[in-house]
Amino acid sequence: MDKKRLKISFLGGAGTVTGSKTLLEFDQKRVLIDCGLFQGLKELRNLNRAPFPVSPDTIDVLVLTHAHLDHCGYIPLLVKNGFKGEIHCIDSTAELAEIILRDSAKIQEEDAERAARYNYSRHAKPEPLYTTQDVLQALKLFVTHSYNEWVILHPGIKFQFLNNGHILGSGFVEMKLSDTTFLFSGDIGKMQPMLLYPPKKVKHADYIVLESTYGDRLHDKADVKEELQTVIEEVWDNKGILMIPSFAVERTQELIYILYLLKEEGRLPALPIYLDSPMGINSSKVYIRYKEEQNIPSDILHHMYDQVHFISDAEASKRICLDNAPKIVLAGSGMIEGGRIIHYLNNHMDNPRNTLLFVGFQGEGTRGRAIQNGSREIKFFGEYHDVKCKIRSISSLSAHGDQNDLLEWLKNFKSEPNTIFLNHGEPHQTDALRVKIEHELGWNCETPKMNDTYILEIE
Ligand SMILES: [Zn+2]
């Protein structure tokens with residue numbers, strides 16, 4: 001059979017965990033897998049304002065693995081700059097992406113507005129990357145699917161989503177280009193996710209594009225419930241406030257689930273619990289609607305949200321934020337890059353009685369990472385603020401599989417792939433996974449850098 005040329009380019013999420021974008025060029029078609037926003041370090045964030053490597057109007061179709069901002073957050077800008085194709089994803093991903101993109105636009109609009117008002121931006125007139133209007137335009141292009149449903153994009157190009165246990169609606173993309181199979185991992189969940197079904201065991205692919213966020217690490221095997229209980233007891237003893245910067249999607253619902261289990265077991269002190277996050281609330285409502293995609297009994301799924309006060313109203317949020325009474329607050333954003341958590345920190349992080357609890361990965365360059373690394377002052381609203389509260393972390397809560405999970409998942413393959421491209425990791429994470437795969441499986445790995453392109457001869 002004749003060989004055909006395929007070009008694969010890593011336009012983001014290579015050598016970094018943000019900005020995921022992988023472009024396939026095959027048979028006159030351009031297919032983009034994910035379209036994420038660069039986050040964290042300023043030099044990465046600036047890439048969001050750089051011209052897109054190919055003209056967006058020449059991309060035929062976008063396939064979205066899940067709703068996280070680092071995978072979907074650039075979509076409104078792609079559309080604004082001329083992309084007119086369909087955006088394919090799982091049903092619940094479309095609902096979550098709408099919540100996340102609207103929030104992203106709002107944060108950018110507010111930041112630009114605040115920067116202009118206080119004149120602390122070095123840009124003459126701070127412009128948001130995109131607006132709510134741009135998000136609404138992008139949402140019109142979404143086409144939704146179920147798992148395990150083949151979608152024909154073009155004669156010779158088809159794909160299906162397979163559950164990968166990362167967040168609600170997330171999936172591997174198994175794509176057939178002519179007779180060659182590509183497997184894009186998106187972000188892979190743990191082999192035993194807390195709320196979702198385990199990642200699908202895949203047996204064959206000619207090429208794999210595999211994430212490596214935790215390629216160099218093993219998750220703490222500590223019992224999350226125990227860890228959370230210990231932190232809460234300390235907060236209770238100190239009559240303090242527990243502030244949890246939480247990702248609105250998956251992490252918030254996991255925490256609510258653990259808090260529910262602790263309460264059912266009589267292990268939770270009588271502290272009120274607030275979910276002070278419009279995005280967290282809206283996401284939780286999507287989780288309540290898509291019960292069948294979750295691996296926990298529906299009665300628990302329904303009742304676990306009862307004990308939590310949902311605060312979406314801004315006035316109520318202000319009142320609770322100014323109040324010094326002991327409580328547990330979950331608020332976004334997860335890496336303290338924006339959102340209501342900043343207001344809580346503004347009011348409560350200078351008091352050693354209070355606790356700031358990290359429950360997830362903190363990206364390089366974020367305020368969360370700075371505090372975790374011991375920084376005792378952080379900058380927001382154009383000023384520096386002292387960090388005097390207690391800092392705690394629970395590392396075993398992660399929506400990503402660790403090195404063992406990734407290897408265990410790879411061992412399901414019955415045949416050796418031609419190549420595994422490792423992406424979505426900082427260089428030391430990616431390289432540690434490469435060494436491990438080469439050592440344990442002897443498979444050929446590539447570790448593409450940003451904007452690297454490979455020409456493959458496929459059948
Ligand atoms: Zn993700």
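**Cavity, pocket and helix contacts**

Trainee: How much space lies in the largest cavity?

Mentor: This is a predicted model: local features need pLDDT of at least 70, side-chain atom pairs count only at pLDDT 80 or more, and totals for chains, interfaces and linings use all residues. Residues are numbered from 1 along each chain as its sequence is written, and side-chain values use heavy atoms, leaving out hydrogens and water. A cavity is a set of points on a 1 Å grid over the protein atoms alone where a 1.4 Å probe fits but cannot get out. In the largest cavity, the space (filled by probe spheres set on points joined across faces, edges and corners) is about 100 Å³.

Trainee: Which residues are closest to the centre of the largest cavity?

Mentor: Lining residues have an atom within 4 Å of a point. The largest cavity has 14 of them. β2 (21-26) and β11 (207-211) each give two or more (strands are DSSP runs of E, at least two residues; helices are H or I, at least four; both are numbered from the N terminus). Closest to the centre are T22, D34, G186, V209 and N423.

Trainee: How many residues of that lining are charged?

Mentor: Sort the lining by class: Ala, Val, Leu, Ile, Met, Phe, Trp, Tyr, Cys and Pro count as nonpolar, Asp, Glu, Lys and Arg as charged, and the others, Gly among them, as polar. Three residues are nonpolar and seven are polar. The number that are charged is four.

Trainee: What is the phi of D34?

Mentor: D34 also lies close to the cavity centre. Its place is the loop between β3 (29-33) and α1 (42-45). D34 is not a glycine, yet its phi is positive, at about 65°.

Trainee: Which residues lie nearest the centre of the second largest pocket?

Mentor: A pocket is an open set of points with protein on both sides within 12 Å along at least five of seven lines. This one has a volume of about 360 Å³. Its 21 lining residues split into seven nonpolar, seven polar and seven charged. Nearest the centre are K190, Q192, H219, K221 and S396.

Trainee: How do α4 and α5 lie, roughly parallel or roughly antiparallel?

Mentor: Helix α4 (residues 91-118) and helix α5 (residues 132-139) have axes 8 Å apart, at an angle of about 160° (axes are lines fitted to C-alpha atoms over the stretch in contact; angles run from 0 to 180 degrees between N-to-C directions). Under 35 degrees counts as roughly parallel, over 145 as roughly antiparallel, 65 to 115 as roughly perpendicular, and the rest as oblique. The two helices are therefore roughly antiparallel.

Trainee: Which residues of α5 does α4 meet?

Mentor: The crossing is right-handed (the near helix is turned clockwise from the far one by less than a right angle; anticlockwise would be left-handed). From α4 come E98, L101, R102, A105 and E109. Contact means heavy atoms within 4.5 Å. On the α5 side, they meet T132, V135, L136 and L139.

Trainee: How do α10 and α11 lie, roughly parallel or roughly antiparallel?

Mentor: Helix α10 (residues 314-322) packs on α11 with axes 9 Å apart, at about 30°. S317, I320, C321 and L322 in α10 meet H343, Y344, N347 and H348 in α11. The angle makes the pair therefore roughly parallel.

Trainee: Which peptide bond is cis?

Mentor: Look at the loop between β15 (327-331) and α11 (341-348), where S333 is found. Omega is near 5° at the bond from G332 to S333.
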